Structure formats: C-alpha cells, structure tokens
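Subject: Handing over the structure

Hello,

Here is the structure I promised to pass on to you. Please have a look at it first, and then read on for my notes on what turned up.

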Amino acid sequence: MDWTEELDNWAAEYLPDLELRREEPMSRHTSFRIGGPARRMAFPKSGEQVVLLTDFARRCGARPLVIGNGTNLLAPDEGLDRLVIDASAGLNRLEPGPEPRCVTAQAGAPLARLADFAQKRGLAGLAFAHGIPGTVGGAVCMNAGAYGGEMAQVIRSVTLLDPAEGVKTLTGEQMDFGYRRSALTEHPDWIVLSAVFALEDGDPAQIRAEMDALMARRRASQPLELPSAGSTFKRPEGYFAGTLIDQCGLKGLRVGGAQVSEKHAGFVVNRGGATCADVTALIAQVQARVLEKTGVRLEPEVRIVR
C-alpha cells in the first residue's frame, strides 16, 4: 500500500478533524512562490496533532517536513513525495511566559506578531525580529537575526519533538546556537513546538519607534516587492555576501525568471515564472564567479528541500 493511502486511512480514523490536502502546490506556501505539489499537506490544530501525525508519518514512510511561512525554503519543481505539515495556521498562539518578562510562542507564530505582542506589553528585545518574515519555529532552527539581534540573545528554552525521545525542552544554552545554526542543524528530524523568550522591561513607545526605524531601513534596502527567500547566502567571515556579489558585477544577473536583485545583491528574486532549476542554476553561477574573483566560497542560506 502506498504511504498516501495509509496516511489517508489513519487520519480519517484517528484525526478526523485534520485538514489534509492532496497534491498541494508548494508555490502557495513558500515566499519564493516556487515549487511543485506535495503529495499530502496537513494543517494540524495543536502540538498534540503534530506529535501523532509525525509519528505515524515516519512509520509509513511519508518523510514529514514541517514548515511555517516557507520564507527560507526552495521547493523542487517536480514536487515532493512526502508529507508537508504546515504549522502556521494552527500552532500560532502567543501568551505570557512562565516567569515575568517572558513570552511563550508556538512554532507557527509569525515573528512580526511576536514582536508586536511583546512591544504592547512593554517588553524589549525583539525589535530586530519585527521585519523578519518567518515564524518562530524556523527562526529558532536557523537562529534568525537582523540588525545586530538574533534568536540566541532572547531564547530561554525550546520545547521540541525528538523522534527518539519524544517531547522535551532544551535551554537556550543547550540549543547550541551559532551563526544561522542551532542544535536542530545537527538534528533535522527534531521539530520545534514552542519557545519561551526572556525579554527586558522597556517603554512601549520607544520599542515601537525602534521597530518602525528598522522596518524603514529594510524597505529602503531590500527588494521586498518581489518574491524571494530573503538573504540567499550566509555572511562569509570577514565579508558581506551582497557586497562581494556586487563587486563582482553580478547585480541583475538572470537565469530564466530568477535574478540577482538590482536593489540588493544578496537577494535572488523571482521576477516572474522562476523555477527551482532557475534559482539553483543562478546560485551556482554566483558562487562560481565570486570564488573565482575573490577566493571566497559563498554558502547558501536558503534551504533547498527534496
């Protein structure tokens, strides 16, 4: 029996209220607006549903992939022969944390909403996250950051699903955060369920002013008007990827519908009709030219899923 039939039968019996879509285009669920159909896409309403769903999915060979807003993903044109679990709709609750000056956020909560939630309560420390388009789960996985701030500075603990040990909680220190990495980098089968953020007292008006100023900088310097996955490359030690790409004369370089942004060379954008093949070919060209001209090897920040 094909895994899709097993999954359909199991879900109908044990999770009858679960929304489960067939052949759902990944292009609808990634900020690049690229990607063929996932054979099954589920929209769980709780962490408990995620635990049950991923456990069965692994047993039937469905290779579960949990996503949020898909802002750092490049999905294949031919689609995905796996179960994609979208946490952005049903796992997005925000609430005061277990201690003063803490906030608890589920994995699917948008970072912008988390920052607003904290600001309205006079809690400082998340202004940098206001313009990052991802969700808490993805941000924790990759230690997302901007303008001098990053998740490692504000994470108190993370509750996750470890297929081998079940649900467990790690402290911020145990998360082993580094530049665009965390303990989940070494354990890609772990799934973030929620996180507790430890913040500081602040003036709501001042926090809002900082958020607005950072958002204005982002709008002025980044190609937010076009689909992309944000910064395409990690920052090489001692350099800025966008500066290197610009110095190599690669702004505007195009493969099919994919283009090195003319506004910010660190972004590859979808000018219309771009495919995964276009983007990967363009990334490879940029890497080769930058390595040839500068000796610096650029490492993609965007995650290419298979």
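A word you will need straight away is "pocket": on a 1 Å grid over the protein atoms alone, a pocket is an open set of points with protein on both sides within 12 Å along at least five of seven lines. Please also keep in mind that this is a predicted model.

With that in hand, let me begin with the second largest pocket, which has a volume of about 180 Å³. Its lining is made up of 16 residues, and those closest to the centre of the pocket are A124, G125, L126, A127 and E210. Which helix gives the largest share of this lining? That is helix α6, covering residues 204–221, with four residues. Sorted by class, the lining of the second largest pocket has eight nonpolar, six polar and two charged residues.

There is enclosed space as well. How many cavities of 30 Å³ or more does the structure hold? The count is one, and the largest cavity has a volume of about 30 Å³. The residues that line this largest cavity are A127, F128, H130, G131, Y147, M211, L214, M215 and R218. Six residues of that lining are nonpolar, two are polar and one is charged. You will meet A127 twice here, since A127 lines the largest cavity and is also listed among the residues closest to the centre of the second largest pocket.

Now for the chain as a whole. The protein chain contains eight helices and 19 strands. Its radius of gyration is 20 Å, close to the 19 Å that the globule rule gives for 306 residues, so the chain is as compact as a globular protein of that length. Along the principal axes, the C-alpha atoms fill a box of roughly 55 × 50 × 30 Å. Of the 306 residues, 53% count as buried. Looking at contacts between residues at least 6 apart in sequence, 62% join residues at least 24 apart.

One helix I followed more closely is α2, residues 47–59. This helix has 13 residues and reaches 19 Å from its first C-alpha to its last, close to the 18 Å expected at 1.5 Å a residue. Which residues of α2 are buried? They are G47, Q49, V50, L53, T54, F56 and A57. The elements covering these buried residues include α1 (3–14), β2 (37–43), β5 (80–86), β11 (155–162) and β13 (191–198). After α2 comes G61, which has a positive phi, near 80°.

Two single residues are also worth a visit on your screen.

- D8 sits in helix α1. With a relative accessibility of 16%, D8 counts as buried, because buried means under 20%. Leaving out residues up to four places away in sequence, D8 touches L20, R22 and R40. D8 and R21 are 13 residues apart in sequence, and their C-alpha atoms are 9.8 Å apart in space.
- G68 lies in the loop between β3 (65–67) and β4 (73–74). Is G68 buried or exposed? G68 is buried, with a relative accessible area of 15%. Not counting residues up to four places away in sequence, G68 touches D86, S88 and T135. P100 is 32 residues from G68 along the chain, and 28 Å separates their C-alpha atoms.

Enjoy exploring it, and do write back with any questions.

Best wishes

Terms used:
Residues numbered from 1 in each chain as written. Predicted model: local features only at pLDDT ≥ 70, side-chain atom pairs only at ≥ 80, totals over all residues. Heavy atoms only, no water. 1 Å grid on protein atoms, 1.4 Å probe; cavity = no way out; pocket = protein on both sides within 12 Å on 5 of 7 lines; lining within 4 Å. Points joined across faces, edges and corners; volume = space filled by probe spheres on them. Helix = DSSP H or I, 4+ residues; strand = E, 2+ residues; numbered from the N terminus. Nonpolar A, V, L, I, M, F, W, Y, C, P; charged D, E, K, R; others polar. Expected span 1.5 Å × (residues − 1). Buried < 20%, exposed > 50% of the residue type's maximum accessible area, 1.4 Å probe, protein only. Contact = heavy atoms within 4.5 Å. Rg over C-alpha atoms; globule rule 2.2 N^0.38 Å.
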